[in-house]
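Biologist: Could you take a close look at one part of this model for me? I would love a guided walk through its packing.

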Amino acid sequence: MSESSTERQEYNITVYTENQIGLLNRIAIIFTRRKINIDSLNTSPSEIDSIHRFNIVITETEDVVRKLCRQIEKQVEVLKVYYHTNEDVIWQEMALYKVSTDIIAEKVSVERLLRENGARAVVIRKDYTVFETTGHREETDNLIAILQPYGLIEFVRSARVAIIKDSDGFNRKLREFERLEPGEDVYENEYLNKGEKVFTM
Amino acid sequence: MEVAQQEITTEAEKKETVNVSGSVALLEALIIEGVTTIFGYPGGAIMPIYDALYDYNEKLQHILVRHEQGGIHAGQGYARTSGKVGVVFATSGPGATNLITGLADAQIDSTPLVCITGQVFAHLLGTDAFQETDVINITTPVTKWNYQVTDATEIPEVIAKAFYIAKSGRPGPVLIDITKNAQIQKFDFEGYVKCNHIRSYKPKPVVRHQYIEQAAELINKAKKPFILFGQGVILGSAEQEFKTFIEKSGIPAAWTVLGAGAIPTDHPLNVGMLGMHGNYGPNVLTNECDVLIAIGMRFDDRVTGRLDKYAKQAQVIHLDIDPAEIDKNVKTTVPVWGDCKETLPLLTALVEEKRHTEWLALFNDYTRKEVEAVIHDELNPTEGEMTMGEVIKQLNDLTHGEAIIVTDVGQHQMVACRYAKLNKTRSNVTSGGLGTMGFALPAAIGAKFGAQDRTVVAIIGDGGFQMTLQELGTIMQSGINVKIIILNNRFLGMVRQWQELFNERRYSFVDIQSPNFVTVASAYGIAGKSIDQREDLPGALKEMLDHPASFLLEVMVTKENNVFPMVPQGCSVSEIRLK
């Protein structure tokens, strides 16, 4: 077994599904049954009408992630599952910060700090201002630390969304799925391009 | 109603519609799917379906069970012996929750079922209405697919999907929850179209010839190849393809509990049972073979014992229809994804014709050791109390392996699986994965409905029988002919065996008392007999089999007999104990 398959790290699981009530639960229990915590979960419509896309982040070994993905793909309404390390995806999380407007007005440095961290004001009211920033976890975390001394009132962060670097989307694949006799493409698996590795223990 | 029934079964293309209720549409759909028998129990939320069923008495036989768990186990027994989808009706709330054990059992043993549950009116969902339970969420982990219907127009398509999903690919249970308003609602039914494709569902992986070739190459080079086969062979109706494969390649083959009967017990290449209470040779030699060929089996922990000491020396070829099973427990050298009905003939074509005489002789050596140490005394005792094994042996002598054997869970199950002679496929019905006590009696009822021309013998322990004995009422009312053997050791025997071996004989709550089973049977109008003397056994078994109706035979067996061989939990298969 290679080193990467025994090492725990963050994996981004991308799931293409039908838009079906109850499917979120069906997918979630695949993790909870094995007592695996979901670090982040985002679900939204994909680039294709009627197809939904889940982005799930967990910290596990590749071996476990591969088995989980097969169990997810086995569900009737799941079309396709991919998993990637953070290096293989472009990912972002969005965060909102509520800070007292008075403090920002008083302390020019705060505005400078916000700019330096790529934040922008979404709402400015007499009593408070809401800033937004998008980035990796460390970046949004960093801004919390910066704002804390200035009376950060409220903070919220979104789930992660991730785009797969090496992907040409799902449109062509979907047409393949819709055929009565789907071609090999639909059944692709991680062995496919690793023929030479298959024949060794 | 009569007119409606004629018209709606016509072809879909005509687009002539007929105004029917959701309940009628459901029953029409079942008929087109080939359903003839339904196991069920009515209740408030499924009353409109039962009202419609009143008019379908001639086309759909409904068996009234005594408990919904009995209903679903009967559906499982029916599916296992007939190869068809078992259909079960239950009402909402408690009716539906009583199905859970059977769903879990069918899920882990890949049994095709379609369960229809009634549900409260759609406008009452989530209000804690009378007999309302969140059936969809409760059953999600134990179903292959489930769906809640709240509008009658969905029924034809959903039922078509349900049957397609239940029986295709790796089969499994499907539950359809139908709210009462959808059962009552009238709609324009355009006719029923069977489902044969769902875009997100891939029942069969594409067969990859490169892996077939690699597998054949490994097999042809192997000096000590060994086949493990499971229920996949039976579910794929690939018994003949499997037999051809082993006969050409000459490879010894051992079975999992659910694979029993896929080839006859007496086949010269059938070397016996795998696993915790399996045969000596197959367990020990798993750790000596050079190529392990697993066909339609999933490397359950009861088969593998300790995984890190399991067949480490062997190259592993795994044939399975479910991609999630490949590499799940045992790392595969060559994965042969696909339906074994397709893959086995491809493999047979590429393997060389061989006889592994010496290697096969090694299995026979181990068999001889096992016969001397265990089997001879178990099957042919001459003094003391009767053993479970001798009952099975004498039964074999009378049925000649032609009967369907249904077993419950525990010592009697392991003994029956080890010693029952099975000539035909679909002859072994047992709860393998879930180990559900109480399974056998209702499953035997379903098994008989699924194979009415065959003798069905249920072998049950005194504990398991008391879990579902109310189904004697189903036997009484339906008039079905099921033979029941209770092997009574006055203990919860398997737990007692473990307590003896691993808990210093601290027999904690395994001493179970039983009623007079013969009297209980007679209260249901079922003939019976209880014996405790060896000389009465052949006559009593013959009387049971010759009796024109159901018959209960209680055999008092030794109290503290242990099932051996045994691979203790946490041990390697090669550490199997003969005593």
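Which residues does Val114(B) touch, not counting residues up to four places away in sequence?

Modeller: Happy to, and please keep in mind that this is a predicted model. Val114(B) touches Val85(B) and Val87(B), then Ala162(B), Phe163(B) and Ala166(B), and also Val174(B) and Ile176(B), leaving aside residues up to four places away in sequence. Val114(B) belongs to the largest nonpolar core, which has 179 residues. Together with Val406(B) and Ala458(B), Val114(B) is among the residues with the most contacts inside that core. There is also a second, separate core of 21 residues, and Tyr16(A), Val65(A), Cys69(A) and Leu79(A) are included in it.

Now to where the chains meet. The contact takes 27 residues from chain A and 23 residues from chain B. On the side of chain B that touches chain A, α7 (135–139), α10 (209–221) and β14 (334–337) each supply at least two residues. By class, that side of chain B has 12 nonpolar, 7 polar and 4 charged residues.

For a look at packing in chain A, take helix α6 (residues 137–147), where Thr140(A), Leu143(A) and Leu147(A) are buried. These residues sit on the same side of α6(A) because they cover an arc of only 55° around the axis. An α-helix has 3.6 residues a turn, so residues three or four places apart point the same way. The cover over the buried residues of α6(A) includes β5 (89–100), β7 (128–135) and β8 (152–157) of chain A. Glu138(A) and Ala145(A) are exposed, on the face of α6(A) turned away from its buried side.

Notes. Residues numbered from 1 in each chain as written. Chains lettered and ligands numbered in written order. Predicted model: local features only at pLDDT ≥ 70, side-chain atom pairs only at ≥ 80, totals over all residues. Core = buried A, V, L, I, M, F, W, Y, C linked by C-beta atoms within 7 Å. Buried ≥ 20, exposed ≤ 12 C-beta atoms within 10 Å, placed from the backbone. Contact = placed C-beta atoms within 7 Å. Helix = DSSP H or I, 4+ residues; strand = E, 2+ residues; numbered from the N terminus. Nonpolar A, V, L, I, M, F, W, Y, C, P; charged D, E, K, R; others polar. Arc of directions from axis to C-beta.
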